[in-house]
Amino acid sequence: VPMVAPGNVQVHVINSTLAKVHWDPVPLKTVRGHLQGYKVYYWKVQSLSRRSRRHVEKKILTFRGNKTFGMLPGLEPYSTYKLNVRVANGKGEGPASPDKVFRTPEGVPSSPSFLKITNPTLDSLTLEWGSPTHPNGVLTSYILKFQPINNTHELGPLVEIRIPANESSLILKNLNYSTRYKFYFNAQTSVGSGNQITEEAVTIMDE
């Protein structure tokens with residue numbers, strides 16, 4: 001098997017899900033056989049937005065031939081990773097380079113896990129929601145937009161409300177009675193807005 005590990009391993013984080021790794025090629029005589037390529041082993045150490053899973057799954061990407069760099073796609077935002085690089089010949093792999101630690105920046109969150117609308121009265125509705133399964137960063141706020149829908153399915157004026165990130169319910173007041181409303185709801189990190197979920201609900205006709 002090869003004798004030495006690739007040296008001078010560098011990681012350049014491109015965005016919240018993509019990184020580029022560089023290394024110096026090993027001297028060909030230390031390969032001790034036919035150079036097949038370089039293998040990058042990488043794994044997530046922890047998510048910075050919640051407690052990490054115990055099971056650490058190592059992923060391996062193989063870059064054929066005498067390449068000195070490779071891309072690592074599909075990373076999770078706002079997480080700490082480790083990686084090392086090894087050279088491979090037809091017999092097996094050489095020793096691993098020292099582990100390199102890198103962090104991915106925040107991304108936009110997934111959609112809120114649910115939106116429930118309850119307790120209709122003449123002029124109010126209660127909204128309850130769950131935080132995103134993948135916050136991908138620090139949640140800064142929720143954005144609620146809503147508008148009335150009339151009998152001919154035309155949409156009325158859109159109202160937008162920003163809600164603090166630590167809230168999980170809201171009572172909407174001063175609505176019109178016996179009116180259907182459409183709601184659009186999403187979460188935000190400092191990077192931007194995640195996907196929205198939509199719901200509809202109707203205020204009651206009379207007490």
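Visitor: Buried area is the accessible area (1.4 Å probe) that two parts lose on being put together, summed over both. With that settled, how much do domain 1 and domain 2 bury between them?

Guide: About 410 Å², and 52% of it is on carbon and sulfur atoms. This is a predicted model, where local features need pLDDT of at least 70 and side-chain atom pairs count only at pLDDT 80 or more, while totals for chains, interfaces and linings use all residues. Residues are numbered from 1 along each chain as its sequence is written, and side-chain values use heavy atoms, with hydrogens and water left out.

Visitor: Where do the two domains run?

Guide: Domain 1 covers 7-104 and domain 2 covers 112-202; the bounds come from an automatic or database domain assignment. Taken over C-alpha atoms, their centres are 42 Å apart. Four residues from domain 1 and six residues from domain 2 take part in the contact, where contact means heavy atoms within 4.5 Å.

Visitor: Let's do sheets. What's the strand order in the one with strand 1?

Guide: It's an open sheet of three strands, order 1-2-5, paired antiparallel. Strands here are DSSP runs of E with at least two residues (helices are H or I with at least four), numbered from the N terminus. Two strands pair if DSSP finds at least two bridges between them.

Visitor: And which ones are at the edges?

Guide: Strand 1 (7-15) and strand 5 (69-72), each pairing on one side only. On average, neighbouring strands of this sheet are turned by 20° against each other, direction ignored. For such angles, axes are lines fitted to C-alpha atoms (for helices over the stretch in contact), and the angles run from 0 to 180 degrees between N-to-C directions.

Visitor: How many bridges hold strand 2 to strand 5?

Guide: Four, in the antiparallel sense, with strand 2 spanning residues 18-24. If you want a register mark, Ala 19 stands opposite Leu 72 in strand 5.

Visitor: Anything odd about the backbone of Asn 8? What's its phi?

Guide: Near 55°, a positive value in a residue other than glycine. Asn 8 lies in strand 1.

Visitor: Why do you call Asn 8 partly exposed?

Guide: Because its relative accessible area is 45%, and buried means under 20%, exposed over 50%, partly exposed in between (1.4 Å probe, protein chains only).

Visitor: Moving along to Arg 86, is that buried or exposed?

Guide: Arg 86 is buried, at a relative accessible area of 17%. It belongs to strand 6 (residues 79-89). Its side chain makes a 3.2 Å polar contact with the side chain of Asn 84. A polar contact is a pair of N or O atoms within 3.5 Å; within protein, one must be able to donate a hydrogen and the other to accept it, and residues adjacent in sequence count only if both atoms are side-chain atoms.

Visitor: What else does Arg 86 touch?

Guide: Not counting residues up to four places away in sequence, its contacts include Tyr 38, Tyr 41, Glu 93 and Pro 95.

Visitor: OK, over to the sheet with strand 8. What's the order there?

Guide: 8-9-12, an open sheet of three strands with antiparallel pairing. The edges are strand 8 (112-118) and strand 12 (169-172), each pairing on one side only. From one strand to the next the twist averages 20°.

Visitor: How are strand 8 and strand 9 joined up?

Guide: As a hairpin, with six residues between them. The two strands pair over six bridges, and Leu 115 stands opposite Trp 129 in strand 9. In the loop sits Asn 119, which has a positive phi of about 50° although it is not a glycine.

Visitor: And on the strand 12 side, how many bridges?

Guide: Four bridges join strand 12 to strand 9 (residues 125-132), running antiparallel. Glu 128 stands opposite Ser 169 there.

Visitor: What about Thr 126, buried or exposed?

Guide: Thr 126 is buried, with a relative accessible area of 10%. Beyond four places in sequence, it touches Lys 116, Ile 117, Thr 118, Asn 119, Leu 170 and Ile 171.

Visitor: Last one: what does the Ser 141 side chain pair with?

Guide: The side chain of Arg 162, through a polar contact of 3.1 Å. Ser 141 is in strand 10 (residues 141-149), and is buried at a relative accessible area of 4%. Leaving aside neighbours within four places in sequence, its contacts also include Pro 164, Asn 186 and Gln 188.
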